[in-house]
Amino acid sequence: MTRLNPHVLVQFTRRVVAQQFRGQLTELHAPPFPDGADEARSRDPESALATLDVRLLQLLGVRAYYDLATGRSAWPVPLGLSPHGLALFGAERGILHERPESGDIFLQRSLRVREFIHAGLVMTVDGYGCVNDHTVYFDTSTIEGDTDHRGLLERGYTCKLRRRLSPTLGDRFLRWCELEVESAGPAASPLPRKVA
């Protein structure tokens with residue numbers, strides 16, 4: 001089984017975001033829903049397919065692992081999922097963790113709606129601690145789409161942030177690099193032809 005190196009994605013993301021995406025509207029560079037996703041969404045209007053934050057992660061993953069010789073990407077995460085869908089995907093495969101590592105996809109959980117509502121890439125884990133002797137947290141440096149410089153959600157921009165994430169409050173970390181490349185859904189997905 002071939003393993004993917006998360007540091008490839010971290011370095012690629014650092015370079016691309018600094019040179020092209022940082023501070024721009026995420027919708028300008030996040031690809032549209034994959035073929036068939038709009039049709040699936042019209043059949044199930046309550047499904048929350050591929051939010052801007054996840055679409056950014058998919059674009060970065062597909063591009064970081066794209067092979068010009070084969071015209072394919074080894075990115076193993078299926079397209080068209082919401083942050084909550086990513087959590088279900090990770091839980092089914094045993095790759096959802098409570099402790100972050102560089103290169104993980106973080107999944108931020110809402111205590112109000114009790115679902116995962118936001119996703120981003122963990123660039124570095126800068127520390128950890130505990131509040132009130134029971135709430136564990138991790139201080140991370142992240143790259144996120146559909147946010148702003150304050151880390152507020154659904155603000156539309158691609159930003160590099162410092163975010164405190166807490167597994168005690170339900171946040172989780174998708175360790176996608178533990179997936180087998182051969183079983184990857186988007187491994188056959190071509191690189192989007194035009195990226196603004």
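A salt bridge here is a side-chain nitrogen of Lys or Arg within 4 Å of a carboxyl oxygen of Asp or Glu. In this predicted model, Glu-144 and Arg-163 make such a pair, with their closest N and O atoms 2.8 Å apart. Glu-144 belongs to strand E6 and Arg-163 to strand E7, so the contact ties together parts of the chain that are 19 residues apart in sequence. Both partners are tucked away from the surface: Glu-144 is buried, its relative accessible area being 0%, and Arg-163 is buried as well, at 10%.

A second salt bridge also runs between these strands, and this one joins Arg-164 to Asp-139 with an N to O distance of 2.7 Å. Arg-164 sits in E7 (residues 157–165) and Asp-139 in E6 (residues 135–147), which puts the two 25 residues apart. Asp-139 is partly exposed, with 24% relative accessibility.

Then there is the pair Asp-148 and Arg-150, whose side chains meet at 2.8 Å, N to O. The two ends of this salt bridge sit in contrasting surroundings: Asp-148 is buried at 7% relative accessibility, while Arg-150 is exposed at 55%. Elsewhere, Glu-101, Asp-104 and Arg-175 are hooked up in a network of salt bridges. Overall, the count for the structure comes to eight salt bridges.

Turning to the strands, E4 covers residues 105–110 and is mostly hidden, with five of its six residues buried. E4 pairs with E5 (residues 115–131) in an antiparallel arrangement, held by six bridges. The two strands make a hairpin with four residues between them, and in that turn Arg-114 has a positive phi of about 60°. E4 also runs antiparallel to E8 (residues 172–174), to which three bridges join it. Ile-105 shows both pairings at once: its bridge partner in E5 is Leu-121, and its bridge partner in E8 is Leu-174.

What about the cysteines? A disulfide is a covalent bond between the sulfur atoms of two cysteines. For a pair to count as one, the sulfur atoms must lie within 2.5 Å, and the structure holds zero disulfides. Cys-130 is partly exposed, with a relative accessible area of 43%. Cys-159, by contrast, is buried, because its relative accessible area of 10% falls under the 20% cut-off.

Note on methods
Residues are numbered from 1 along each chain as its sequence is written. This is a predicted model: local features need pLDDT of at least 70, side-chain atom pairs count only at pLDDT 80 or more; totals for chains, interfaces and linings use all residues. Side-chain values use heavy atoms; hydrogens and water are left out. Buried means under 20% relative accessible area, exposed over 50%, partly exposed in between (1.4 Å probe, protein chains only). Two strands pair if DSSP finds at least two bridges between them.
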